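Please examine the structure shown below. The discussion begins with the ligand and then turns to one helix.

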Amino acid sequence: MSIAVCPGSFDPVTLGHLDVIRRGARLFDEVVVAVATHAGKAPLLTLDERVGLVEAAVADLPNVRVAAVPGLLVDFCAQEGATVLLKGLRGGGDYDAELPMAWMNRHLTGVETLFLPADREVSHIASSLVKDVARHGGRIEDLVPAGVAALVRARLAPPTDGD
Ligand code: PNS
């Protein structure tokens, strides 16, 4: 059985992530979406919130599961019996950021990283840009799966006196 782990911060999950997960689900028997934390990024959403939003977005995909991964990604891959990490690439900037991680992960346990080129229709979508657009009052509903926009807006809203 072929198992791929699709890792990311998913802060929040976007239609770009979803495209990679959907295409991965056609390539592998099982895809496990690993919601992890990037050491250099302070997430807007909690780990539980990020997991919940990804779970809702992949609910129609029977061979996709979602897990919170608080530790090392390669340890999670070993635990799941996954030999492949699946990642989307939107362009050269992504490649430059992803390559050292792919090398490091392979150094640690031999796990391979497979890059899927992002679909051109969604390659402008990044979680960081989604948050920036929302922060400035822009429309993000057509960039993220259902239910995500409302939570992002709630987290970005300044606290009221009662909070
Ligand atoms: O969506 P992102 O922020 O590009 O995802 C990066 C992520 C979360 C996959 C990466 O930071 C990660 O793997 N974190 C888990 C801890 C880990 O294994 N670190 C070593 C990476 S080589």
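**Ligand contacts and helix α4**

A nitrogen atom of the ligand lies 3.4 Å from a polar backbone atom of Thr37. This distance, like every other value here, comes from a predicted model. The backbone is also involved at Leu73, where an N or O atom is placed 2.9 Å from an oxygen atom of the ligand. At Ser9 the side chain takes part: one of its N or O atoms is 2.5 Å from a ligand oxygen atom. The ligand taken alone exposes 540 Å², and the protein buries 80% of that area. There are 14 residues around the ligand, of which Ser9, Thr37, Lys41, Leu72 and Leu73 come nearest.

Attention may now pass to helix α4, which comprises residues 92–109. Its 18 residues reach 26 Å from the first C-alpha to the last, close to the 26 Å expected at 1.5 Å a residue. The helix nevertheless bends by about 30° at Glu98, and a proline, Pro100, follows within four residues.

Which residues of α4 are buried? They are Asp94, Glu98, Leu99, Ala102 and Asn105; Glu98 is thus both a buried residue and the site of the bend. In an α-helix there are 3.6 residues a turn, so residues three or four places apart point the same way. The buried residues of α4 pack against α3 (73–80) and against the strands β4 (84–89) and β5 (112–117). After α4 comes Gly110, with a positive phi near 90°.

Methods:
Residues are numbered from 1 along each chain as its sequence is written. This is a predicted model: local features need pLDDT of at least 70, side-chain atom pairs count only at pLDDT 80 or more; totals for chains, interfaces and linings use all residues. Side-chain values use heavy atoms; hydrogens and water are left out. Helices (H or I, at least four residues) and strands (E, at least two) are DSSP runs, numbered from the N terminus. The expected span of a helix is 1.5 Å times one less than its number of residues. The bend at a residue is the angle between axes fitted to the seven residues ending there and the seven starting there. Buried means under 20% relative accessible area, exposed over 50%, partly exposed in between (1.4 Å probe, protein chains only). Contact means heavy atoms within 4.5 Å. A residue is near a molecule or strand if one of its heavy atoms lies within 4 Å of it. A polar contact is a pair of N or O atoms within 3.5 Å; within protein, one must be able to donate a hydrogen and the other to accept it, and residues adjacent in sequence count only if both atoms are side-chain atoms. Accessible areas come from the Shrake-Rupley method with a 1.4 Å probe; for residues, only the protein chains shown count as cover.
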